[in-house]
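The following exercises concern a single protein chain. Each consists of a task and a solution in steps.

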Amino acid sequence: AVVSTQSTWEAVVSTQSTWEAVVSTQSTWEAVVSTQSTWEAVVSTQSTWGENIPGYVKVALKSLYDTKVGRFLNTNYLGRRATLAASARMGRKYDDPKSVSEIPKFIKQHKIDTSILDQRVEEFRTMNDFFARALAPSARPIAEPQNDHVALCAADSRVVAYPNVEEATQIWVKGSEFTLQRLLGPRRELAPRFEGGAIVIYRLAPQDYHRFHFGVAGTIVDHTEILGALYTVNPIAVNTSSMNVFTHNKRYITELNSPEFGRVVAIPVGAAMVGSINFHYQVGDRVRRGDTHGEMRFGGSTVIYLFEPGAIELDEDLVASSREPIESYLKVNTRIGVSTGGEGHP
């Protein structure tokens, strides 16, 4: 009912004229995160950890982001407005106390281990509260807790990491308009500091733990909000040259001064069905590795880290997989690399 055989916009949505038809054809997000198949069937890239996405949604995503007609309709004014409206509506729905009834179904569907939560399931007031759930401190131990020269994974996520931003644009981030200046928006004056530096991209799916953490220790020196669209952050869009997801989507620029890594930028990126992103710090705060950076309300999203040239040596196995390109599934607070010349450096 969602995807027909016609060659026009009806090929993407059969009963409505906007992207809302794709994200609201069933009454809950279960329509998007069912257990029918995995994302690997959609894209030629691989992943070490599958995502539960039904076949009709995969076809719709390909129609929206991998065809000229779909991209035009999805990225014009009406398409952007429809996506924003659908995301806001989903956020309101899962902030409603009535949404608590969705929690047991979500847990069962995704086989979520509730034994590692920091509170009982019955204590959550809404679906969004559960989605942004905290874990018990012992659930995600910090790699080498006494060694701040070790950089940590910032989220339970599918990760690609490249020693050079330019290499990332050749392999993974294919948007034709992607530049550091555009990614950083109003903080574009920082771009020269990160030219030639490493980039790490953490992509979260709806079933993941959706709090993200600081991968390095340091002091928060600035935080900037950038308004924008809410396109999907799935590879079918990120790997498409005519889509510019990371430079068009809503995002935040968090800047840290790290004694071990120099200036580091962390960029949480909004996406379709992400109601909001809440932060757990203020400018001027000193943060430790593993401290909670923020939490994402319902949906999947991305966090991007930028490092200055020569500041980090990424772990070889992670880089090798990224060059395939294969996303590696990592849990938050596991190691991704070390500061150059610091303790723990090979």
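**Exercise 1. A polar contact of an arginine**

Determine which side chain forms a polar contact with that of Arg-187, and describe the setting of Arg-187.

Solution.
1. The side chains of Arg-187 and Asp-222 are joined by a polar contact of 3.3 Å. The model is a predicted one, and the distance is computed from its coordinates.
2. Arg-187 belongs to the loop that runs between helix 8 (180-184) and helix 9 (191-194).
3. The relative accessible area of Arg-187 is 18%. Buried means under 20%, and therefore Arg-187 counts as buried.
4. When residues up to four places away in sequence are not counted, Arg-187 touches Asp-222, Thr-224, Ile-253 and Glu-255. Asp-222, the partner in the polar contact, is thus listed among these neighbours.

**Exercise 2. Two neighbours in strand 3**

Establish where Arg-158 and Val-159 lie, whether each is buried or exposed, and what each one meets.

Solution.
1. Arg-158 is placed in strand 3, residues 157-162, and Val-159 is found in strand 3 as well.
2. Arg-158 has a relative accessible area of 0% and is buried. Val-159 is likewise buried, at 0%.
3. Between the side chains of Arg-158 and Asp-208 there is a polar contact of 2.6 Å.
4. Val-159, with neighbours within four places in sequence left aside, is in contact with residues including Cys-153, Val-200, Ile-201, Tyr-202, Leu-318 and Ile-326.
5. One of these contacts can be described further: Val-159 and Val-200 are 41 residues apart along the chain, and their C-alpha atoms are separated by 7.1 Å.

**Exercise 3. Backbone geometry in loops**

Identify the peptide bond that is cis, and characterise Lys-111 and Glu-144 by phi and accessibility.

Solution.
1. The cis peptide bond runs from Glu-324 to Pro-325, with omega near 0°. Pro-325 is part of the loop between helix 12 (316-322) and strand 14 (326-330).
2. Lys-111 is not a glycine, yet its phi is positive, at about 50°. The loop between helix 5 (102-110) and helix 6 (127-131) holds Lys-111.
3. With a relative accessible area of 71%, Lys-111 is exposed.
4. Glu-144, also not a glycine, has a positive phi of about 45°. Glu-144 lies in the loop between helix 6 and strand 2 (150-152).
5. The relative accessibility of Glu-144 is 36%. Values between 20% and 50% count as partly exposed, so Glu-144 is assigned to that class.

**Exercise 4. Contacts made from loops**

Which residues do Arg-125 and Gly-284 touch beyond four places in sequence?

Solution.
1. Arg-125 is located in the loop between helix 5 and helix 6, and is exposed at 66% relative accessible area.
2. Arg-125 touches Pro-97 and Val-100. The C-alpha atoms of Arg-125 and Lys-98 are 8.7 Å from each other, with their positions 27 residues apart along the chain.
3. Gly-284 lies in the loop between strand 9 (277-279) and strand 10 (286-287).
4. Gly-284 is in contact with Thr-219 and Ile-220. Gly-284 and Gly-218 are 66 residues apart along the chain, and a distance of 9.9 Å separates their C-alpha atoms.

**Exercise 5. The second largest pocket**

State the volume and the lining of the second largest pocket.

Solution.
1. The volume of the second largest pocket is about 250 Å³.
2. Its lining comprises 15 residues, and those nearest the centre are Leu-135, Pro-137, His-213, Gly-290 and Asn-333.
3. Sorted by class, the lining contains six nonpolar, four polar and five charged residues.

**Exercise 6. The chain as a whole**

Summarise the chain by secondary structure, burial, contacts and confidence.

Solution.
1. The chain contains 12 helices and 15 strands.
2. It has 346 residues, of which 58% count as buried.
3. Among contacts with a separation of 6 or more, 75% are between residues 24 or more positions apart.
4. The mean pLDDT is 78, and 67% of the residues reach 70 or more. Over residues 1-49 the pLDDT is below 50, although this stretch has 126 contacts in the model beyond near neighbours in sequence.
5. Where pLDDT is low, predicted coordinates should not be read in detail.

Note on methods:
Residues are numbered from 1 along each chain as its sequence is written. This is a predicted model: local features need pLDDT of at least 70, side-chain atom pairs count only at pLDDT 80 or more; totals for chains, interfaces and linings use all residues. Side-chain values use heavy atoms; hydrogens and water are left out. On a 1 Å grid over the protein atoms alone, a cavity is a set of points where a 1.4 Å probe fits but cannot get out, and a pocket is an open set with protein on both sides within 12 Å along at least five of seven lines; lining residues have an atom within 4 Å of a point. Grid points are joined across faces, edges and corners, and a volume is the space filled by probe spheres set on the points. Ala, Val, Leu, Ile, Met, Phe, Trp, Tyr, Cys and Pro count as nonpolar, Asp, Glu, Lys and Arg as charged, and the others, Gly among them, as polar. pLDDT is the predictor's confidence in each residue, from 0 to 100. Contact means heavy atoms within 4.5 Å. Helices (H or I, at least four residues) and strands (E, at least two) are DSSP runs, numbered from the N terminus. Buried means under 20% relative accessible area, exposed over 50%, partly exposed in between (1.4 Å probe, protein chains only). A polar contact is a pair of N or O atoms within 3.5 Å; within protein, one must be able to donate a hydrogen and the other to accept it, and residues adjacent in sequence count only if both atoms are side-chain atoms.
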